[in-house]
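Visitor: I'm new to this structure and would like a close look at one part of it. Could you pick a strand, tell me how it sits among its neighbours, and then show me what lies around it?

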Amino acid sequence: ADKYTYLHRNHNFKELTQDDIRFFASILPASGLIIDNEDDLMPYNVDWMRKYRGKSRLVARPKTTKQVSQILKYCNENKLAVVPQGGNTGLVGGGVPVFDEIIINTNNLNQIRSFDPVAGTLTCDAGCILEVLDNYLAKRGYMMPLDLGAKGSCHIGGNVATNAGGLRLLRYGSLHGSVLGLEVVLPDGTILDNLSTLRKDNTGYDIKQLFIGSEGTLGIITGVSILTPSKPKAVNVAVLGVNSFQNVQNAFVTSKNKLSEILSAFEFWDSNSLKLLKAHNIQGTKFPLEDNYPFYVLVEISGSNKDHDDEKLQNFLEELLTNEIVKDGVVAQDDTQIATLWSLREGIPEACSKAGAVYKYDISIPLSVFYQMVEDIRNRLQSAGVLGEDKLVKDVIGYGHIGDGNLHLNITAKSYDPEITNLIEPYVYEWTEQHNGSISAEHGLGLMKANYLRYSKSPSMISIMKQIKQNIDPNGIMNPYKFLPAQ
Ligand code: FAD
Ligand code: 2HG
Ligand code: ZN
């Protein structure tokens, strides 16, 4: 909202006309189109955080790849700008229009195409909801290689387009490894059929990698092939109270030593996160640890033999207690308790969203300086006199994926306000650059970070990115104003 007022609509893009509407109506049934009805358009024009809001007049919801191809070809020829949209859970303003771009939403591209129960390869439409896919696989002894708090709404195509990381990346790796093939429609309508299910294929450039993390700027992903791991038979979760961030790191090293191949998640949150969870009653039940600790970690193990895993977990916890790395902890006794412990961690973004406004930063930095960033920002806002219950900024909280070196710094505020933004940006980005980090670990650049890319990429890298964009999308219709810095 606040910092983007400098943007102007690019007048090379055409405004929607009655002729255009007639074209869309000739391709899609009435149920696949939303036109000019403010109330119906609203959920597609506004993002999950209610921070970004466009004013598109038209949402197209194609059901087939062919329809996507016809639509994009038409938009390209007529210079109508478009925004690809999946579940609209993105956190950087990438999935909603900035002005009047046409929204191409993948809700109706929702068919599972095939599953090979021997290889564990799944091929599906891009609009399949992550949780729906995971439930489908669970019945067949498999699981999706990624999991995130937004699983009930996000689409696999959106996950691939943002290269989403999530809660188990440390175990199953990134989508750059698990995606085996993609079907993508290019702006000129070409259908790139690369839906391979092969594990190994060294015939030429690996083109699909370009689209993983391209955030809708090169084409629309319509199909995904993905390698799925088998579903572990034994899963266990512990939440531990820790007195210092040094000990969070010590616990992580111990988990790698003692749990090694069965470690499937190592997450963390600070006491301010917990305070927020309690305030908004996201959890619904009492927090399982009695004392207050500055830090909490959630350790998950997944394996195939419960006795073996329980013994390993016991050894791990004993080592932590003996070495005074951890003060107290709880271990889930059943699946319900596992879900309860996970909901503490997964509920944090929702708790933050209750504040009114939330500034989100998604940083990769070395663990040695990981929490120092949160403290520095807190001190900075404190010194500026804007932090406190009845001030502009309510809270500064840190949580995230320790196992991946990925910090989520969230700053809750009364409202989105340029005064706050200017205190945080570009300070956060400079801080990240000075510590050789990345300004986007997993959420992407979107609208929020397009003009800050230079803090993480060199001029020559940005130049190559622009050449690729120019080559594939010469009219620049795909998700304009985002991802790459303005000329
Ligand atoms: P959208 O928000 O609709 O779109 C995101 C971007 O992808 C946009 O730029 C859009 O243009 C583009 N896009 C979408 N679909 C396509 C397509 N088919 N073809 C081309 N481009 C497309 N992210 C993480 O990495 N890890 C997490 O742990 C995590 N947890 C989250 C928890 C919550 C509660 C929320 C709200 C978000 C979380 N996210 C997380 C953010 C994450 O990026 C998204 O949840 C998800 O990957 C986006 O999927 P989506 O379908 O909602 O995409
Ligand atoms: C998570 O790990 C998500 O919970 C969301 O990536 C993080 O909202 C955030 O900042
Ligand atoms: Zn995350």
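Guide: Let's start with strand 12, residues 295-303: nine of its nine residues are buried, so this strand is largely enclosed by the rest of the structure. Bear in mind as we go that this is a predicted model.

Look at how the side chains of strand 12 are shared out. Phe 295, Val 297, Val 299, Ile 301 and Gly 303 point one way, while Tyr 296, Leu 298, Glu 300 and Ser 302 point the other way, and all of them are buried. That fits a general pattern: in a regular strand the side chains alternate between the two faces of the sheet.

Now for the partners. Strand 10 (residues 234-242) runs antiparallel to strand 12, and nine bridges join the two. To find one of these pairings, pick out Val 237, whose bridge partner in strand 12 is Glu 300. Strand 11 (residues 263-270) is also antiparallel to strand 12, this time with seven bridges. Here you can look for Leu 263, which stands opposite Ile 301 of strand 12.

Carry on along the chain to helix 10, residues 271-279, where Asn 272, Ser 273, Leu 274, Leu 276 and Leu 277 are buried. After helix 10 comes Asn 281, which has a positive phi, near 50°.

Let's step back a little. The protein is divided into four stretches: domain 1 (18-108), domain 2 (112-227), domain 3 (234-348) and domain 4 (355-456). Between the C-alpha centres of domain 1 and domain 3 there are 42 Å.

For a contrast with strand 12, try strand 3, residues 82-85. From strand 3, Val 82 and Pro 84 point one way and Val 83 and Gln 85 the other way, and all are buried. Its pairing with strand 4 (residues 102-105), though, is in the parallel sense, over four bridges. One pair to look for there is Gln 85 with its bridge partner Asn 105 in strand 4.

Strand 3 also takes us to the largest pocket, as one of the elements that each supply at least two residues of its lining; others include strand 9 (220-227), helix 12 (335-346) and strand 15 (393-401). The largest share, five residues, comes from helix 5. This pocket has a volume of about 1000 Å³. Its lining is made up of 50 residues, with Thr 89, Gly 90, Leu 148, Ala 150 and Cys 154 lying nearest the centre. Sorted by class, the lining has 18 nonpolar, 26 polar and six charged residues.

While you're in this part of the chain, find Gly 149, in the loop between helix 4 (130-138) and helix 5. Gly 149 has 55% relative accessibility, so it counts as exposed. Its C-alpha atom is separated by 7.6 Å from that of Gly 347, although the two are 198 residues apart along the chain.

One last stop is the zinc ion (ligand 3), which is coordinated by His 401 (NE2), His 408 (NE2) and Glu 442 (OE), at 1.9 to 2.1 Å. Along the chain, the donors follow the spacing H-x6-H-x33-E. Both His 401 and His 408 are buried.

How values were computed: Residues numbered from 1 in each chain as written. Chains lettered and ligands numbered in written order. Predicted model: local features only at pLDDT ≥ 70, side-chain atom pairs only at ≥ 80, totals over all residues. Heavy atoms only, no water. Buried < 20%, exposed > 50% of the residue type's maximum accessible area, 1.4 Å probe, protein only. Domains from an automatic or database assignment. Donors = N, O, S within 2.8 Å, 3.2 Å for Na, K, Ca; no water. Pairing = 2+ DSSP bridges. 1 Å grid on protein atoms, 1.4 Å probe; cavity = no way out; pocket = protein on both sides within 12 Å on 5 of 7 lines; lining within 4 Å. Points joined across faces, edges and corners; volume = space filled by probe spheres on them. Nonpolar A, V, L, I, M, F, W, Y, C, P; charged D, E, K, R; others polar.
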